[in-house]
Amino acid sequence: MVVPNNSNKSTTIVQITDSHLFQEKDGCLLGISTYSSLRAVIDKVLSEQPDVHLVLGTGDISQDGTASSYRHFIEQVSRIDAPLRWMAGNHDVNSVLHSSSAATQWLQPIYDLDAWRIILLDSSVDGSVFGYLTPEQLQLLEQALDTAEERHVLIALHHHPVPIGCAWLNNLGLRNADEFLAITDRYSSVKGVIWGHIHQEFESLRNDVHLLSAPSTCVQFKPQSIDFAVDDCAPGYRWLKLFNDGRFSTGVSRVAADLFHPDMDVTGY
Ligand SMILES: Nc1ncnc2c1ncn2[C@@H]1O[C@@H]2COP(=O)(O)O[C@H]2[C@H]1O
């Protein structure tokens, strides 16, 4: 396979994560209307990203697992003129996510975009907050990497595969991260891993692979906290510009700071 080699050509991905939507559009998480904050984030995407090639929903789409909550998500992200791929997070109900995706490609785990392959993994475990990749998911990952040919690879999943600096969240990440990283370490094609779940921006580099998370489209968690702690910074999204030569640029953008105010005294949900 010949991949396009014009190094200046790029494609844009927008990551929308942890929307925690409810059956009712006025449903709130920690005092924030999750539908309104998602809508504000999508407004922000539309004002900043003229040419989006893929929208990635990296889990916790729904807070209550209802079919309506998934419809609300689709109603909002379909305002962006780009294909969608999404995956389950710990709050999603896999059967409803699957029925909501019927007759679509939204749950397809491989998406080839010019010189890049995007691989989506399901790290959700029924009834658990932490994540785990089953042998089937690990096999899918290996096969997708083996067949990527000359493409550069971006991997997306819900749970964090490395410690992220919050003691309480470190235990709620990907339990078999060692198995995941043992595979990615064998492929120089892997340029980035992105996830949601931690409701905060995180960036680091491991063996030349960029490790990235995105803010939630609703409530934020405080970085470097030992126990559960809410942050008052605004909802947002991550954008990634993928260049044909394997480089990418990325950043986080947030809605105006005065639009949404979480209840800072809540100690969990
Ligand atoms: N006080 C808490 N301590 C530990 N975990 C919590 C607490 N409150 C909520 N959680 C769980 O931790 C999860 C982290 O992000 P989620 O959005 O998946 O949803 C959160 C809850 O399921």
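These are my notebook entries on a ligand and its surroundings in a predicted model.

Before starting, I noted that residues are numbered from 1 along each chain as its sequence is written. I also kept in mind that local features need pLDDT of at least 70 and side-chain atom pairs count only at pLDDT 80 or more, while totals for chains, interfaces and linings use all residues, and that side-chain values use heavy atoms, with hydrogens and water left out.

I looked up which residues surround the ligand (one heavy atom within 4 Å of it) and found 14, the closest being His20, Asn90, His91, Thr267 and Tyr269. Sorting this shell by class, I noted 6 nonpolar, 7 polar and 1 charged residues, where Asp, Glu, Lys and Arg count as charged and Gly is among the polar ones.

I then turned to polar contacts, which are pairs of N or O atoms within 3.5 Å. For Asn90, a side-chain N or O atom is 2.7 Å from an oxygen atom of the ligand, for His20 a polar side-chain atom lies 3.2 Å from a ligand oxygen, and for His197 the corresponding distance to an oxygen atom of the ligand is 3.4 Å. I added that the ligand taken alone exposes 460 Å², of which the protein buries 80%, with accessible areas from the Shrake-Rupley method and a 1.4 Å probe.

Definitions and conventions:
A polar contact is a pair of N or O atoms within 3.5 Å; within protein, one must be able to donate a hydrogen and the other to accept it, and residues adjacent in sequence count only if both atoms are side-chain atoms.
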